[in-house]
Amino acid sequence: MSSETKQILTTDGIPLEVSLKKAEKKNKIKAFLLVAPLLLFLVITYIFPIGDMFMRSVDDRMVTNMLPKTFKAMEKWENLEELPPEEVYRGFYEDYKVLVEKQEHGKLGQRLNKEKNGFNTITKRLFRQIKRNKIDESISIKEQINKIHKRWRNVEFWLAIKRTAPPYTMAKYLKGMDMYVASDGSIAQVDEDRRIHRILWLRTLEIAFFVTLFSFFMGYPIAHLLATLPMKYSNLLMICVLLPFWTSLLVRTASWMILLQQQGVVNDFFVMIGLVGDDNRPEMMYNKVGTYVAMTQILLPFMVLPLYSVMKTISPSLMRAGKSLGGTPFVAFWKVYFPLTIPGIGAGCLLVFILAIGYYITPALVGGASGTLISNQIAFHMKTTLDWSFASAMGLMLLTGVLVIYWIYNKLVGVDNIKLG
Amino acid sequence: MSKNPEFVKFDKVDKSYDGKVLVVKDLQLDIAEGEFITMLGPSGSGKTTCLMMLAGFETPTHGEILLDGNIISNIPPHKRGIGMVFQNYALFPHMTVYENLAFPLRVRKVEKDEIDKKVDKALSMVSLNGFETRMPAQLSGGQQQRVAVARALVFDPAVVLMDEPLGALDKNLRESMQYEIKHIHESIGVTVVYVTHDQSEALTMSNRIAVFNDGKVQQLSNPAELYEKPVNSFVAEFIGENNTFNGEIVDIDKDKCKVKLANSEILANPISVKSKGEKTTVSLRPERALINPSEKMDNMFTGKIEEVIYHGDHTRVRLNLLGSSEFILKVPNSTSNLELKVSQDINIGWNSIDARALDPK
């Protein structure tokens with residue numbers, strides 16, 4: 001832009017921009033008021049919970065708040081290979097006494113026990129000593145505590161307390177990747193036989209990928225048929241595609257259970273046509289096969305609809321042009337039709353993949369042990385272990401994963417190329 | 001090489017989509033090599049169906065289509081080697097202009113240098129050099145049209161089909177494109193089959209015009225004959241403007257007949273009437289009727305002006321004449337302009353040879 005750009009004035013001498021803003025202000029306010037309820041709803045139901053989830057997943061303030069004097073004194077603990085100085089013991093004793101009065105000492109014991117096995121026992125011993133007023137505050141607290149249990153004389157346990165000092169922790173995220181902070185502060189892998197989360201992450205990605213692939217190969221021809229059939233047939237077919245949408249997810253999954261179980265319809269049919277023996281019925285449920293079949297069927301409409309909406313806009317004369325110019329039907333399809341459907345393919349695949357990656361009910365019901373996904377693990381921690389901060393951490397990891405996939409997609413294909421309809 | 005007068009031949013072709021209605025009935029049409037032939041007709045008259053059958057996108061229900069003596073009904077479209085320009089251009093939106101033009105050459109496995117040469121030649125034919133890297137969406141309607149024409153010609157097809165290619169353009173552009181396509185045809189001598197419902201387009205461009213109605217060719221002749229000598233009322237009505245009188249033959253001679261209207265009689269040229277008592281529709285071009293004719297004409301009447309509409313180069317006058325208030329006159333805009341006022345009485349005359357007594361409407 002040239003620096004000499006003159007301000008354009010209206011006939012009344014007001015700058016044009018000011019005048020334009022004034023004229024559009026009312027409309028802008030109206031438009032904002034219209035979307036305001038939605039915005040508010042989104043903030044309350046989406047942004048706020050995600051923020052809360054994040055806080056919950058990193059929050060580790062419990063011990064920080066319970067042992068203020070201990071941590072203050074620990075700042076002076078320099079030689080970490082030796083037991084902490086007297087001030088630390090005294091601080092810990094005073095903090096613990098307050099907790100005993102508030103009857104919160106049990107929580108501390110449990111929390112510290114998670115950090116280092118064996119803590120619960122020795123805090124209980126300390127509790128009994130305090131109850132019986134056996135601790136003399138005028139002499140060295142350090143020696144008295146050390147006498148309670150030999151573990152109090154082990155520096156490892158004091159280091160464990162020190163590790164809980166920061167109010168925030170990434171431990172839950174590390175746990176989600178089968179890693180933990182070792183006693184020396186380095187990040188270590190859990191034992192090989194206990195690495196369950198990594199398997200689940202990989203399986204989730206694998207199942208989401210293959211479900212997307214299956215949906216694509218099944219959905220593409222259906223969408224093409226829908227887009228090219230005459231209206232009266234395409235409406236009927238559209239209803240068939242949408243029918244699963246109108247049925248409850250549970251009902252659909254349950255019907256797959258009826259079909260796929262070992263004494264189910266599909267197996268009966270296989271036996272009937274002699275494909276398999278009656279005593280040798282294949283397991284098609286409570287494993288990956290069941291998850292693939294049921295999830296592909298349930299997510300198929302999400303692939304078909306974006307594809308259909310894109311294909312609908314492609315003029316049939318383009319294929320004709322391709323053929324009349326000498327392209328075989330395959331060349332016309334591959335060089336002309338297919339590239340034009342890429343926005344729909346992108347939208348459909350992204351939609352199905354993202355939905356599949358967080359799928360819960362279907363794998364829970366038909367997946368069995370080898371067909372469950374990370375979301376089932378999240379639900380397990382929400383409902384059974386009540387470790388909400390861990391569930392939050394894994395939920396956020398899933399969300400981050402989806403955002404990363406979206407970012408990669410944007411880099412590869414470009415988000416403006418997505419067409420949902 | 002002598003021109004083959006039956007380069008494209010429709011031989012007794014019928015076409016029905018639903019087995020109940022014939023969209024094309026017993027079509028017999030020969031197209032000579034290098035000819036520019038237009039299929040003209042209202043929508044639903046079967047002209048596009050004929051084109052699609054020739055291109056291979058529809059199959060004739062009965063009869064054969066021959067291209068240079070070979071039956072092509074069983075050859076798929078991509079092996080026919082027929083270029084086609086579609087109504088909405090059908091440019092591939094994800095390819096550049098160059099790629100669009102190179103497509104028919106690439107599928108024919110033409111060498112890269114050769115492709116460049118041919119694309120360049122085709123683009124210069126439609127004066128679009130320098131547009132190679134543009135995407136179709138970055139072109140104006142007229143430019144897209146030219147690209148479509150160039151693409152249909154770039155692989156040197158024997159026949160080019162054009163399906164209402166100018167329908168989406170505005171009037172001025174349409175007219176200049178008409179001349180451009182006509183010149184391209186003249187310079188490369190390709191056989192063109194052109195479909196349109198715009199009669200002025202057909203008259204401007206074609207060597208011959210086939211007027212379609214109701215699945216049949218009503219008249220096949222050159223533009224002048226079509227306009228001057230329509231063989232039936234449909235053609236007379238469809239091509240250009242005309243004034244019609246419905247009446248009954250009361251007297252008939254070799255080249256003259258007397259037609260009795262509601263309350264008067266006129267002389268006409270018997271075309272498709274043969275005997276007394278037949279019903280007829282007499283068709284007269286507006287420009288053949290003159291105001292205050294100086295020479296002797298055998299039809300002279302007085303009419304009352306009902307409406308005067310100024311059209312720039314001419315003035316349209318609607319008259320109440322011989323019991324019909326729909327009689328149209330075209331008065332050219334010249335210096336000796338007449339004072340034409342509504343409800344003024346004027347004398348009108350025309351020669352009976354120009355009043356063609358055709359089949360009754």
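**Exercise 1. Find the order of strands in the open five-stranded sheet of chain B, and the strands at its edges.**

Solution. Start with the terms. Strands are DSSP runs of E, at least two residues long, and helices are runs of H or I of at least four residues; both are numbered from the N terminus. Two strands pair if DSSP finds at least two bridges between them. Now read off the sheet of chain B: the order is S15-S19-S16-S17-S18, with antiparallel pairing. The edges are strand S15 (290-291) and strand S18 (324-332) of chain B, each of which pairs on one side only. Strands of a sheet pair through backbone hydrogen bonds, either parallel or antiparallel.

This is a predicted model: local features need pLDDT of at least 70, side-chain atom pairs count only at pLDDT 80 or more, and totals for chains, interfaces and linings use all residues. Residues are numbered from 1 along each chain as its sequence is written, while chains are lettered from A and ligands numbered from 1 in the order in which they are written.

**Exercise 2. Work out how S16 and S19 of chain B pair.**

Solution. Take strand S16 (residues 299-310) and strand S19 (residues 345-350) of chain B. They pair in the antiparallel sense over six bridges. For a reference point, go to B:Lys304: its bridge partner in S19(B) is B:Asp345.

**Exercise 3. Describe the hairpin formed by S1 and S2 of chain B.**

Solution. Strand S1 (residues 8-16) and strand S2 (residues 22-31) of chain B are antiparallel, with six bridges. B:Ser16 has B:Leu22 as its bridge partner in S2(B). Five residues lie between the two strands. In the turn, B:Gly19 has a positive phi of about 75°.

**Exercise 4. Characterise the side of chain B that touches chain A.**

Solution. Count contacts (C-beta atoms, placed from the backbone, within 7 Å). 18 residues of chain B are in contact with 15 residues of chain A. The elements of chain B that give two or more residues to this side are strand S6 (82-85) and helix H2 (97-106). Next, sort this side of chain B by class: 13 residues are nonpolar, three polar and two charged. Nonpolar means Ala, Val, Leu, Ile, Met, Phe, Trp, Tyr, Cys and Pro; charged means Asp, Glu, Lys and Arg; the others, Gly among them, are polar.

**Exercise 5. Locate the domains of each chain and give the spacing of their centres.**

Solution. Bounds come from an automatic or database domain assignment. Chain A has domain 1 (61-167) and domain 2 (197-417). Their C-alpha centres lie 54 Å apart. Chain B has domain 1 (8-233) and domain 2 (241-358). Here the C-alpha centres lie 38 Å apart. Across the chain B domains, four residues of domain 1 are in contact with six residues of domain 2. The domain 1 side has two nonpolar, two polar and no charged residues.

How values were computed. Contact = placed C-beta atoms within 7 Å.
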